[in-house]
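User: I'd like to learn how to read this model piece by piece. Could you walk me through it?

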Amino acid sequence: MNTGYFEYAAPANEPVLNYAPGSAERAALKKQLAAFKAEVADIPMYIGGKEIRTGKTVDLRPPHEIKHKLGHFHMGEASHVKSAIAAALAAREKWANMEWEQRAGIFLRAAELLATKYRYHINAATMLGQSKNPYQAEIDSACELIDFLRYNVHFLSEIYRQQPASAPGIHNRTEYRPLEGFVLAVTPFNFTAIAGNLPTSAAMCGNVVVWKPANTQVFAANTIMKVLIEAGLPDGVINLVYAGGPLIGEICFADPHFAGIHFTGSTGVFQTMWKTIGENISKYKSYPRIVGETGGKDFVLVHKSADVAIAVTALARGAFEYQGQKCSAASRAYIPSNLAEEIKSKLVAELKTMKMGTTEDFSNFINAVIDERSFDKIATYIDNAKKDPTVKIIAGGNYSKTEGYFIEPTVIEATDPKYVTMCEEIFGPVLTIHTYDAEKFEEIMVTVDTTSEYALTGAIIAQDRYAVELATKKLVNSAGNFYINDKPTGAVVGQQPFGGARASGTNDKAGSMLNLYRWLSARSIKETFVPATDYKYPFLKEA
Ligand SMILES: NC(=O)c1ccc[n+]([C@@H]2O[C@H](COP(=O)([O-])OP(=O)(O)OC[C@H]3O[C@@H](n4cnc5c(N)ncnc54)[C@H](O)[C@@H]3O)[C@@H](O)[C@H]2O)c1
Ligand SMILES: N[C@@H](CCC=O)C(=O)O
């Protein structure tokens, strides 16, 4: 029974705690880190509200301390993926029919639990499981996830409010139904907020979900699921399964009830998914929604009028926060010849002050990269650069995987703007810099635009407003998130809706109305109060 139209006003962004020495939040976070390190977690899958343990376990270890075991999770097989689909479909009717304000209450309660009771749980889990320092964990697993939940409730209430006009004698209305089937959410390792947002944004719209996180993000994914259950999410609405990516794809994309994929991860995986869905298109009840935010090769373009301190900070933070493992991370920089020496020497000096080590030692800015596969891939790019006479490593270049997967912040200088590390996504702490003739700004913008297949984020650093205007126009298709005099990372929900085009994804802007529309299937209803009873037009009637 609907008894009113309920408002969900735009929320404020969750305030970022600073964890300064002596602060209460610092003590609470340290306590939770110690608690996690003192236990061995046994993490189940969650299917139809039941905890499922298969006995086939995979160990979880902090990337910065690989000898320590945090716990393990239970790996699923084909039968578990099928059970997750069945549980989702069984929950669908009741969930789709639940009044919006009841659904909203669950996600707002989850946001509140994360902001209070579970703030240090989710941050400590992200710090240990994904090797993030306290600030990087706070802006991701606490603030961004809380913002996604609160803003999406607000945005969805705004969508529901949008209704068509009605001519005299009739009433029109639009119902925003969930999709007819289940949504598959496949999430990446690098952001706990994204892992939480992809299943919950679809579920909030009334959809049922099968959620598969990255193996290296399971430690924090488990906390998200526990919070959602405590917040009152009914059984079967979101089913968390751990299984190989290809296996999940093979089963879900062959199911006639597959209604949509909400993916964030690499471009190659997304393209494979799209191809499989295309091959299976005639099997589905409805055309599935395909939403994917993928890779980037994000640029910083410095103009000859730039403030050097702004440029150096944009590069230091933009390229090396979270070890460069943000899809938005600056990984190619174009610096003008008049400022090149000053920018390089100041950047190299800054990088020397960045301490690297565990996340439990709060004096470390740099922690480890996510796993051995990633470490080896990044090290290969660095080794190849060391052997190549056309490029020079001007900072970092050392790495070790003895204690954890540590790679120094590395800067490669390339005379060729099409050198491999200017073009390919490395996803690690490696920045490549190219110096251009300061008088050839227009030419370098063509290079920026045509060097990579991606178009995720980019930044212009300039004091000259004509240069800012020119870059904003010429690079219109080079980035979905474009920054002026700032680093190209750190988009905030409700402020900079996030996503890129070209090979970077479908640009459906996580944390905005644009994204939520993809999980809705509108039904238009027209009611005529005094319907016609005669087919004849007035002019056909006798005078
Ligand atoms: N554009 C964005 O908003 C955004 C945000 C975060 C990360 N990313 C991108 O994500 C990548 C890093 O994350 P990652 O290493 O977790 O990415 P990934 O593509 O390796 O994995 C993402 C997810 O897909 C799963 N997967 C892997 N192979 C699969 C297959 N064949 N079928 C189905 N699922 C499969 C993984 O297990 C994981 O859950 C980078 O390319 C980065 O740019 C993009
Ligand atoms: N939204 C994040 C990036 C997410 C991708 O990894 C940012 O803007 O830095």
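**Ligand, domains and sheet**

Analyst: Sure. Keep in mind that this is a predicted model. A handy place to start is the ligand: α8 gives the largest share of the shell around ligand 1, four residues.

User: Which elements give two or more residues to the shell around ligand 1?

Analyst: Let me start with the residues themselves. The shell has 33 residues around ligand 1, and Pro188, Gly245, Gly265, Glu293 and Cys327 come nearest. The elements with two or more residues there are α8 (245-252) and α9 (267-279).

User: And how do the residues of that shell divide into nonpolar, polar and charged?

Analyst: There are 15 nonpolar and 15 polar residues around ligand 1, plus three charged ones.

User: Where does ligand 1 lie with respect to the domains?

Analyst: For that, ask which domains give residues to the shell. Domain 1 and domain 2 both do, so ligand 1 lies between them. The domain assignment puts 24-61, 69-294 and 505-525 in domain 1, and 298-484 in domain 2.

User: How many residues of the two domains are in contact?

Analyst: On the domain 1 side it's 13 residues, and they touch 14 residues of domain 2. On that side of domain 1, α4 (119-130) and α5 (134-161) each supply at least two residues, with the largest share, three residues, coming from α4. By class, this side of domain 1 has five nonpolar, seven polar and one charged residues. The domain centres, taken over C-alpha atoms, are separated by 32 Å.

User: Now the sheet. In what order do the seven strands come?

Analyst: With a sheet, read the strand order across it, then look at the edges. Here the open sheet runs β14-β17-β18-β13-β12-β20-β21, with mixed pairing. β14 (391-395) and β21 (481-484) are the edge strands; each has a single partner strand, so one side of each is left without a neighbour in the sheet. On average, neighbouring strands are turned by 20 degrees against each other, direction ignored.

User: How many bridges join β14 to β17?

Analyst: Four, and the two strands run antiparallel, with β17 covering residues 410-414. To follow one bridge in the viewer, pick Val391: its partner in β17 is Ala414.

User: Which strands does helix α10 lie across?

Analyst: Helix α10 (residues 308-320) lies across β12 (298-302), β13 (330-336), β18 (430-436) and β20 (457-461). For the direction, compare α10 with β13: the helix runs at about 165 degrees to that strand.

Conventions
Residues are numbered from 1 along each chain as its sequence is written. Chains are lettered from A and ligands numbered from 1 in the order in which they are written. This is a predicted model: local features need pLDDT of at least 70, side-chain atom pairs count only at pLDDT 80 or more; totals for chains, interfaces and linings use all residues. A residue is near a molecule or strand if its C-beta atom, placed from the backbone, lies within 6 Å of it. Ala, Val, Leu, Ile, Met, Phe, Trp, Tyr, Cys and Pro count as nonpolar, Asp, Glu, Lys and Arg as charged, and the others, Gly among them, as polar. Domain bounds come from an automatic or database domain assignment. Two strands pair if DSSP finds at least two bridges between them. Axes are lines fitted to C-alpha atoms, for helices over the stretch in contact, and angles run from 0 to 180 degrees between N-to-C directions. Two residues are in contact if their C-beta atoms, placed from the backbone, lie within 7 Å.
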